[in-house]
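These are my notebook entries on a structure I examined for enclosed space, open space and helix packing. I set the entries down in the order in which I looked things up.

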Amino acid sequence: LAASATQGHVAHHFEDAGQQHEVATLGMWVFLATELMVFGGLFAGYTVYRVSYPEAFARASQSLNVGYGAVNTLVLLTSSLTMALGVWAVQTNRRRPLTWFLCATVALGTAFLVVKGFEYYGDYRDGLMPFLPGNFDPDEWKPHTEPAGPDWEPTQRKKAPASSSQPRKRGAFEDPENYDPGTQRMPIETRVAFPDQVKLFFSFYYVMTGLHALHLIIGITWLGILTLMAGRGRFNAEYYFPVEVGGLYWHFVDVVWIFLLPLLYLVGTAHWHH
Amino acid sequence: MTHHVTPPRGYVLIYVALIVLTVATVSIAFLELPEWAHLWIGLAIATAKATLVVLFFMHVWYSTRLTWVVALSGLLWLTILLVYVLTDYLSRGWVGVPGR
């Protein structure tokens with residue numbers, strides 16, 4: 001107890017800094033085990049529906065932009081490297097490198113979100129947001145000249161429209177006159193053949209990437225606070241468990257994305273070519 | 001406190017391996033392989049990458065046995081979730097279900 005009295009950063013209920021460090025990291029691991037189950041539920045649901053509708057999932061996955069997914073993977077892996085180097089810096093009492101490594105990690109995490117934002121905008125522009133009215137459904141792209149009659153049945157959607165030269169609306173803000181079906185990332189045949197299954201894939205895509213992005217926002221905020229604390233020289237080789245624990249969270253978010261890349265982006269890249 | 005300090009060279013080595021595996025998984029995804037091969041290669045590479053991150057970036061390799069137990073217990077619960085869900089859904093087509 002005499003030793004801990006000389007170390008202001010050790011809370012009174014711990015024997016020493018070492019015990020405090022072990023307890024904090026172990027607590028983070030317990031939390032991450034529960035986080036694994038949060039994402040695990042989504043992965044389980046995804047697995048069930050992918051097994052049920054393999055072709056629709058492959059076709060839907062094809063319309064995602066692999067480039068965005070791959071680049072974002074590299075960005076996130078690099079951010080994990082800078083985070084790990086930040087832990088090395090603080091373990092060896094390099095305070096200024098610690099601040100810069102944390103800064104770099106925050107910047108790379110933000111870059112990931114910016115790329116994701118561009119990707120989401122592209123998805124919106126190309127009519128891949130089924131939860132937005134009129135953004136995905138081929139039925140709703142038709143000019144509203146002929147209203148749906150009383151004999152309208154959902155089965156009619158199975159038939160591809162006779163003439164694709166008809167102007168169709170692309171997204172809510174797009175000009176129907178300039179619509180070109182050839183520029184669609186997802187051909188109209190796929191939308192007509194697998195309307196609900198494709199929507200299911202995109203539901204998983206948006207919820208899984210969205211929950212991942214939320215975790216990233218929390219991580220960026222967390223590491224931003226750590227950066228400020230590091231800038232004020234709050235951490236050293238004896239007291240750095242907040243950096244270690246923040247790093248554990250950051251790497252966990254990275255691990256989730258490592259699995260999202262093949263499961264969302266790389267499903268139908270070699271099959272069912274349009 | 002005597003924590004294991006991984007030198008930057010070690011972290012960079014792991015990072016290079018992660019980048020190589022990412023390039024590999026994206027490249028392989030465009031090869032003409034059977035569908036099941038794509039699924040399992042993608043998952044195997046992702047698992048390899050995740051293992052590298054967990055063991056070395058997250059320092060489990062140098063951690064106490066208690067940390068190992070907690071980390072593996074998370075994996076155990078996830079396995080139970082996935083295996084039990086799939087034993088149901090994958091086996092539905094195998095036997096005739098009365099009334100279906």
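**Entry 1: the largest cavity**

I looked up the volume of the largest cavity first and noted about 130 Å³. I record at the outset that the model is predicted. I then asked how many cavities of 30 Å³ or more the structure holds, and the count is 2.

For the largest cavity I listed the lining, which comprises 14 residues. Those nearest the centre are A:Pro262, A:Leu266, B:His38, B:Leu39 and B:Gly42. I next asked which helices each supply at least two residues of this lining. They are H9 (241-265) of chain A, and H1 (8-28) and H2 (35-57) of chain B. The most comes from H2(B), which gives 6 residues. By class, I noted 9 nonpolar, 3 polar and 2 charged residues in the lining of the largest cavity.

**Entry 2: the largest pocket**

I turned to open space and found that the largest pocket has a volume of about 1,300 Å³. Its lining holds 41 residues, and I recorded A:Phe259, B:Leu43, B:Thr47, B:Leu78 and B:Leu82 as the closest to the centre. The elements giving two or more residues to this lining are H2 and H9 of chain A, with H2 and H3 (65-91) of chain B. Which element has the largest share of the lining of the largest pocket? I found that H3(B) does, with 12 residues. Sorting the pocket lining by class, I obtained 33 nonpolar, 6 polar and 2 charged residues.

**Entry 3: H2 and H8 of chain A**

I then examined how helix H2 (residues 17-52) of chain A packs with helix H8 (residues 195-231) of chain A. Their axes come within 9 Å and cross at roughly 165°. Are H2(A) and H8(A) roughly parallel or roughly antiparallel to each other? Angles over 145 degrees count as roughly antiparallel, and the two helices are therefore roughly antiparallel. I noted the handedness of the crossing of H2(A) and H8(A) as left-handed.

For the contact itself, I listed the residues on each side. On H2(A) they are A:Met28, A:Glu35, A:Val38, A:Phe39, A:Leu42, A:Phe43, A:Gly45, A:Tyr46 and A:Tyr49. These meet A:Leu200, A:Phe201, A:Phe204, A:Val207, A:Met208, A:Leu211, A:His212, A:His215 and A:Trp222 in H8(A). By class, the contact of H2(A) with H8(A) has 14 nonpolar, 3 polar and 1 charged residues.

Technical notes
Residues are numbered from 1 along each chain as its sequence is written. Chains are lettered from A and ligands numbered from 1 in the order in which they are written. This is a predicted model: local features need pLDDT of at least 70, side-chain atom pairs count only at pLDDT 80 or more; totals for chains, interfaces and linings use all residues. Side-chain values use heavy atoms; hydrogens and water are left out. Axes are lines fitted to C-alpha atoms, for helices over the stretch in contact, and angles run from 0 to 180 degrees between N-to-C directions. Helices (H or I, at least four residues) and strands (E, at least two) are DSSP runs, numbered from the N terminus. Angles under 35 degrees count as roughly parallel, over 145 as roughly antiparallel, 65 to 115 as roughly perpendicular and the rest as oblique. A crossing is left-handed if the near helix is turned anticlockwise from the far one by less than a right angle, and right-handed if clockwise. Contact means heavy atoms within 4.5 Å. Ala, Val, Leu, Ile, Met, Phe, Trp, Tyr, Cys and Pro count as nonpolar, Asp, Glu, Lys and Arg as charged, and the others, Gly among them, as polar. On a 1 Å grid over the protein atoms alone, a cavity is a set of points where a 1.4 Å probe fits but cannot get out, and a pocket is an open set with protein on both sides within 12 Å along at least five of seven lines; lining residues have an atom within 4 Å of a point. Grid points are joined across faces, edges and corners, and a volume is the space filled by probe spheres set on the points.
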